[in-house]
Amino acid sequence: MLKDITLGQYFPGNSLAHRLDPRTKILLTVLYIVILFCAQGFVSYALVAGLLIIGVKVSGVAPKALVRGLKPILFIICFTAVLNLFYTPGEILASFWIFKITKEGVFTAFFMVLRITMLIMGTFLLTYTTSPISLTDGLETLLAPLKKIKVPVHELSMIMSIALRFIPTLIEETDKIMSAQKARGADFESGSIFQRAKALVPILVPLFISAFRRADELAIAMECRCYHGDAGRTKLHVLHYQPRDYLVLLAYGAILVGVLGRFGL
């Protein structure tokens, strides 16, 4: 299960998606989410699905990597579908005991599963095709106007990128600790939920120790390189928009206007 968590991973490549400006990809992700939440009905969801398919093709990321990333949240998706299926009022199709399946509930559950699935896949494409450094530069540039009201934009962007960068590292560390504990006879899969939760204690303690040690080593490394925050810093690679960035943003903007106009929003 741990190996299925792909959040924060970056897959190097030379595709069009990789070459896009990180600011463009962040804005595209935001527009994609807005379009997805404004979508209603089969036509709109088919349009969003088409955008996702195009994004996957352009990025060169294997579709199985996106599907594998859905496994850790499969329970949430199923739970959401069940709640919408049985608790949406409308025309009753079937009923048993206190549960009622309605026509509206079937459509709501179906569209909700589609929405969550496409939301996760679409946002994963951002981290799959953007390195943590580029993501930091893009966020800092987009949030630069907030510096005028004393918001620590650089520090916030750095924290977010470091957190994303260390998610795969912590997952790998957790897998190693679990393998070591299993070799010593630990059992994480049998017993009641309380017994399994108690069995996680031997994992959490060394994991926290390892995380704090890595954080201390990172702080020392940054101090040795004379890192003092945003003051007086320059960038090795200055971000510049290319014609392809404007074209993609215009295309997404046109799609958003079309979706909003379709429902009179």
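With a relative accessibility of 52%, Phe42 falls on the exposed side of the 50% cut-off. That is a value from a predicted model, as is everything else described here. Phe110 doesn't quite get there: its relative accessible area is 43%, so this residue counts as partly exposed.

These two residues also meet each other. The structure holds nine aromatic pairs. In the pair made by Phe42 and Phe110, the ring centres are 6.2 Å apart and the planes sit at 40°, so the arrangement is tilted, given that stacked means under 30 degrees and edge-to-face over 60. Since Phe42 belongs to helix α3 and Phe110 to helix α6, the contact ties together parts that lie 68 residues apart in sequence. There's company, too: Tyr45, Phe107 and Phe111 join Phe42 and Phe110 in one aromatic cluster. Another ring, that of Tyr241, has a charge for a neighbour, with the charged end of Arg23 sitting over it at 4.1 Å from the ring centre.

Helices α3 and α6 turn up again in the second largest pocket. This pocket has a volume of about 460 Å³ and is lined by 19 residues. Nearest its centre lie Leu20, Leu28, Gly55, Leu125 and Tyr252. At least two lining residues come from each of α1 (16–19), α2 (22–38), α3 (41–59), α6 (103–129) and α11 (243–262). Helix α3 gives the largest share, with six residues. As for chemistry, the lining breaks down into 13 nonpolar residues, five polar ones and one charged one.

Then there's the hairpin. Strand β1 (residues 92–96) and strand β2 (residues 99–102) run antiparallel and are joined by four bridges. One of the residues involved is Ile92, whose bridge partner in β2 is Thr102. Two residues lie between the strands, and in this hairpin Trp97 takes a positive phi near 55°. In a regular strand, side chains alternate between the two faces of the sheet.

Zooming out to the whole protein chain, the tally is 11 helices and two strands. Going along the sequence, these elements follow the pattern α-α-α-α-α-β-β-α-α-α-α-α-α. Along the principal axes, the C-alpha atoms fill a box of roughly 65 × 60 × 35 Å. The chain has 265 residues, and 33% of them count as buried, that is, they have under 20% relative accessible area.

Notes
Residues are numbered from 1 along each chain as its sequence is written. This is a predicted model: local features need pLDDT of at least 70, side-chain atom pairs count only at pLDDT 80 or more; totals for chains, interfaces and linings use all residues. Side-chain values use heavy atoms; hydrogens and water are left out. On a 1 Å grid over the protein atoms alone, a cavity is a set of points where a 1.4 Å probe fits but cannot get out, and a pocket is an open set with protein on both sides within 12 Å along at least five of seven lines; lining residues have an atom within 4 Å of a point. Grid points are joined across faces, edges and corners, and a volume is the space filled by probe spheres set on the points. Ala, Val, Leu, Ile, Met, Phe, Trp, Tyr, Cys and Pro count as nonpolar, Asp, Glu, Lys and Arg as charged, and the others, Gly among them, as polar. Two strands pair if DSSP finds at least two bridges between them. Rings of Phe, Tyr and Trp (its six-membered ring) pair if their centres lie within 6.5 Å; planes under 30 degrees apart count as stacked, over 60 as edge-to-face and the rest as tilted. Buried means under 20% relative accessible area, exposed over 50%, partly exposed in between (1.4 Å probe, protein chains only). A charge sits over a ring if NZ of Lys or CZ of Arg is within 6 Å of the ring centre and within 35 degrees of the ring normal.
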